[in-house]
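This report describes a protein model, beginning with one residue and widening to the chains and the contact between them. The reader may wish to keep the structure in view throughout.

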Amino acid sequence: MTAKKIIFGILLLFFFGAIIGYKIYNKPHVNVAQEKAAISSTASVLLEAFSADETAANLKYLGKIIQVKGVISKIEIVNKKGSISLETEALFGSVLCTLTPEESLSIKELKIGQEILLKGICTGFLMDVVLVKCIIKN
Amino acid sequence: MKIIYTLFLFLFVAFFANGQERFLTKTGTISFFSKSPMENIEAENSQVLSIVDADSGQMAIAILMQSFLFEKALMQEHFNENYVESEIYPKATFKGNIIDFDKISATETPVKIFGVITIHGESQKITIEAIAKKTQVAILMTGDFYINLADFAVDIPSIVRNKIAQKIKVSFRFNHKPYK
């Protein structure tokens, strides 16, 4: 009787272990649309932070969900993924926001010069501050 | 400080002023593929910065590691936190020369690029074979090559070693446009 109980217990443990393992393995991606933004900012402030001190800005922004306001300076579609560049006060550099494939469908409604509010994950600074998985807030 | 800044600005302007000679893309694509008996791992980055100097045939590429998007969130997390340590080394770079750049025509031309690639803080000399196409309004470069994880001090724990290939296939596609 006890042997049966032990075997049953072990089986149960395996079963839950397998479920937990499977859940961790298939952990969903961060849902930018549902998560609250860690930092709200404007395109100019964001670019200024990175061009002034990239290391400090990386610590502050890298991997975080950022909500950014700016004026569209360029719209591009590469591999079905839309990218929006936001104007800044600086001579060079902008904030480059690549949209999620779903959000890219509504890119046709956007116009250059239009003000926009975007939310995405900051991945760093090249010539521009780069955001991935962006969604359009308005 | 102000002088330095102004000087920097002037250099920057000068760098891009004769801009017709420079071709650039901010939305280049790099993807990599790890094939192993256990599972295949794929990731894509479509925000790669690549600049080609049409005078000298020099090429410079900068890649943000966190811009690589994976199918599974867990893989992306392991990639960033454990393998390439993207908080310490947020960028990978390549600097090199396109050999016989002048011979590239408007039809697909095979070329070799010699250069130095830096990933995870480690630099390696590399020769990449690519297909190039050059017109007045675009320089398109595509190709693929293999990198060895051990060359870049990327340490894969033994428990997942049979899930991750030692040689990773890297594919790229850069459609450079004249910089205005």
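## A buried residue in chain B

Strand β6 of chain B, residues 109–119, contains B:Ile113. The model in which this residue is examined is a predicted one. Is B:Ile113 buried or exposed? A residue counts as buried when 20 or more other C-beta atoms lie within 10 Å of its own. B:Ile113 has 23 C-beta neighbours inside 10 Å and is therefore classed as buried.

Which residues touch B:Ile113, when those up to four places away in sequence are not counted? They are B:Met59, B:Gly96, B:Asn97, B:Ile98, B:Ile128 and B:Ala130. In addition, the C-alpha atom of B:Ile113 is separated by 6.4 Å from that of B:Glu129, although these two residues are 16 residues apart along the chain.

## The second helix of chain B

Helix α2 of chain B spans residues 73–83, and its buried residues are B:Met75, B:Phe79 and B:Asn80. Viewed down the axis of α2(B), the buried residues lie within an arc of 125°, so they line one face of the helix. A general point helps here: an α-helix has 3.6 residues a turn, so residues three or four places apart point the same way.

The buried residues of α2(B) are covered by elements that include β2 (41–53) and β4 (69–70) of chain B. Just after this helix, B:Glu85 adopts a positive phi of about 45°.

## Chain B as a whole

Chain B contains two helices and nine strands. From the N terminus on, their order is α-β-β-β-β-α-β-β-β-β-β. Of its 180 residues, 32% are buried. Where contacts in chain B join residues at least 6 apart in sequence, 56% of them link residues at least 24 apart.

## Chain A: elements and dimensions

The secondary structure of chain A consists of four helices and six strands, arranged along the sequence as α-β-α-α-β-β-β-α-β-β. The radius of gyration of chain A is 22 Å, whereas a compact globule of 138 residues would have one near 14 Å. Along the principal axes, the C-alpha atoms of chain A fill a box of roughly 80 × 35 × 25 Å.

Buried residues account for 35% of the 138 residues in chain A. Among the contacts in chain A with a separation of 6 or more, 62% are between residues 24 or more positions apart.

## The second helix of chain A and the nonpolar core

In helix α2 of chain A, residues 43–52, the buried residues are A:Ala43, A:Ser44, A:Leu46, A:Leu47 and A:Phe50. These residues cover an arc of only 165° around the axis, which puts them on the same side of α2(A). Several of them recur in the surroundings of A:Val129: leaving aside neighbours within four places in sequence, this residue is in contact with A:Leu46, A:Leu47, A:Phe50, A:Val95 and A:Cys122.

The largest nonpolar core has 65 residues, and those with the most contacts inside it are A:Val95, A:Cys97, A:Val129, A:Leu131 and B:Ile63. Strand β6(A) supplies the largest share of this core, namely six residues. As a general tendency, nonpolar side chains in soluble globular proteins are buried together.

## Where the chains meet

How many residues does the contact take from chain A and from chain B? Chain A gives 24 residues and chain B gives 18 residues. On the side of chain A that touches chain B, the elements giving two or more residues are α1 (2–25), β2 (65–78), β3 (81–86), β4 (95–99), β5 (115–125) and β6 (129–136) of chain A. The residues of this side of chain A comprise 11 nonpolar, nine polar and four charged.

Key. Residues numbered from 1 in each chain as written. Chains lettered and ligands numbered in written order. Predicted model: local features only at pLDDT ≥ 70, side-chain atom pairs only at ≥ 80, totals over all residues. Contact = placed C-beta atoms within 7 Å. Nonpolar A, V, L, I, M, F, W, Y, C, P; charged D, E, K, R; others polar. Rg over C-alpha atoms; globule rule 2.2 N^0.38 Å. Buried ≥ 20, exposed ≤ 12 C-beta atoms within 10 Å, placed from the backbone. Arc of directions from axis to C-beta. Core = buried A, V, L, I, M, F, W, Y, C linked by C-beta atoms within 7 Å.
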